[in-house]
Amino acid sequence: MQSTALLKYAEMRLPRYTSYPTAPRFSADVDRKTYADWLGAAPADRDVSLYLHIPFCRSMCWYCGCHTTITRQDEPILDYLNVLRQEIGMVADHVSAPLPIGEVHFGGGTPTIIEPEEFLSLMALLRERYLFGQKTGVAVEIDPRRLTAAMAQALGEGGVGRASLGVQSFDPVVQKAINRIQTEQQTADAVAHLRKAGVTGINFDLIYGLPHQTVRSCVETVQAAVAMRPERFAVFGYAHVPSFKKHQRMIDENVLPDASARTDQALAISEALCEAGYRQIGLDHFALPDDDLVLAQSSGTLRRNFQGYTTDNCETLIGFGASAIGRSQAGYVQNEVPPGLYASHIASGRLATTKGYRLTDEDRLRAAIIERLMCDFTVDIKAIATAHGRDPKVLLGGNARLTTMANDGVLDIADGVITVSQDHRFVIRAVAAAFDAYIDDAQRTHSKAA
């Protein structure tokens, strides 16, 4: 049964806190020159992560919130890959020595829209310009409807160890309403192809809050999905923002679940996955008991980044491709979003960075607190503030959001330690927002845009 506090906070429009500060704070004050300086300062003895964005799909899923372009032709994709290769080389030329790579992630769009030989060529280039080790992890996002046995084989040959498959919902009524028809058999075939190719880590993405979705259809989707026994699940709430994503206007708002129904669906999915033997990781991930995420959560070393919950502890992330976001010790950078403008920068021999954010000491302090809340549901404010040379009273004193949530029974505060109850883990973003110095500005911006 939902508590009053759970309903009060569950559907607040808040960031997912995969970064802090969040992307709306990015500005043109950080440009390609800034990024060049930050690249030059990247430590050559510390692992970095790479993210490659492939912004193309064959059809548009109406719920999608990603930066992607629909194309039926291969030529735009091949042209883009040529530009991407140029950027990979350009970035490598800006560092003093080849950087060691801890993690590589291919995102989209649909990364597996490219041909097998193109994927292998990209991996070969990355290995040529950067230092890969035996423990370097490679992950890719996959649309099971488009995955061929040949592509799965190429992924295995290229060193992919983890694949994230978009499932969302197996309910045919929901699938029709979101323009994504995907059978259980297609998904099972994709899993079989990947496992045969040696890709041993399989993740399914599920979404609740979709049109016509019900608790029953959510649970039935979970039951069908766990029969395929993926190692992990990521479960997200659908964000309906047609003012930002115009294709979402194809979704009938009258058949979207309300806040109470969405919360019921999230709780039902969580309960069904836990009953099936998965452990809940943070807010929205689930994993089998022997998974690295479970071990990281148990040891207090779980991290959160743009891919969600992770064991990736690299401080530097280099983003390649249109709209890709990168991170360094100094701050965040983002490439030009439209693929054409991104390509024009790279073709002219310029880094494609057009905005970003320079971190302050206070940002780092608040980021550390927010990450521990999002990962552990508890945080020692005194310890973190002291480690950053700050007075914890600045964070705790006069914090109206925190006080209100404590009075609502969402959290406890004792000797500077904040603990969120198990019953209220679904509103952890609201607790994190209490330490977001920019949240009021972000909410005003969102309200105007909407």
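**Close-up views of salt bridges and a buried strand**

**View 1. K8 is partly exposed, with a relative accessibility of 45%.** The model shown in this and the following views is predicted. The side chain of K8 forms a salt bridge with that of D408, with a separation of 2.8 Å from N to O. K8 belongs to helix α1 (residues 4-10), whereas D408 lies in the loop between α15 (400-407) and β18 (411-414), so this pair ties together parts that are 400 residues apart in sequence. D408 is likewise partly exposed, and its relative accessible area is 31%.

**View 2. R216 and E220 form a salt bridge within helix α8.** The closest N and O atoms of the two residues are 3.0 Å apart. Helix α8 comprises residues 215-226, and the two partners, 4 residues apart, are separated by about one helical turn. R216 is exposed, at 63% relative accessibility, while E220 is partly exposed, with a relative accessible area of 41%.

**View 3. R372 is joined to D376 by a salt bridge in helix α12.** Here the closest N and O atoms lie 2.9 Å apart. Both residues are part of helix α12 (residues 361-376), and their spacing of 4 residues corresponds to about one turn of the helix. R372 has a relative accessibility of 17% and counts as buried, because the cut-off for a buried residue is under 20%. D376, by contrast, is partly exposed, with a relative accessible area of 25%.

**View 4. A network of salt bridges links D143, R145, R146 and R180.** The network combines one aspartate, D143, with the arginines R145, R146 and R180. For the structure as a whole, the count comes to 19 salt bridges.

**View 5. Strand β13 is largely enclosed by the rest of the structure.** The strand spans residues 316-320, and 5 of its 5 residues are buried. In a regular strand, side chains alternate between the two faces of the sheet. In β13, T316, I318 and F320 point one way, whereas L317 and G319 point the other way. The residues on both sides are all buried.

**View 6. Strands β1 and β13 run parallel to each other.** Strand β1 covers residues 48-54 and is joined to β13 by 5 bridges. Among the residues involved is S49, whose bridge partner in β13 is L317. L317 is also one of the buried residues of β13 described in the preceding view.

Conventions. Residues are numbered from 1 along each chain as its sequence is written. This is a predicted model: local features need pLDDT of at least 70, side-chain atom pairs count only at pLDDT 80 or more; totals for chains, interfaces and linings use all residues. Side-chain values use heavy atoms; hydrogens and water are left out. A salt bridge is a side-chain nitrogen of Lys or Arg within 4 Å of a carboxyl oxygen of Asp or Glu. Helices (H or I, at least four residues) and strands (E, at least two) are DSSP runs, numbered from the N terminus. Buried means under 20% relative accessible area, exposed over 50%, partly exposed in between (1.4 Å probe, protein chains only). Two strands pair if DSSP finds at least two bridges between them.
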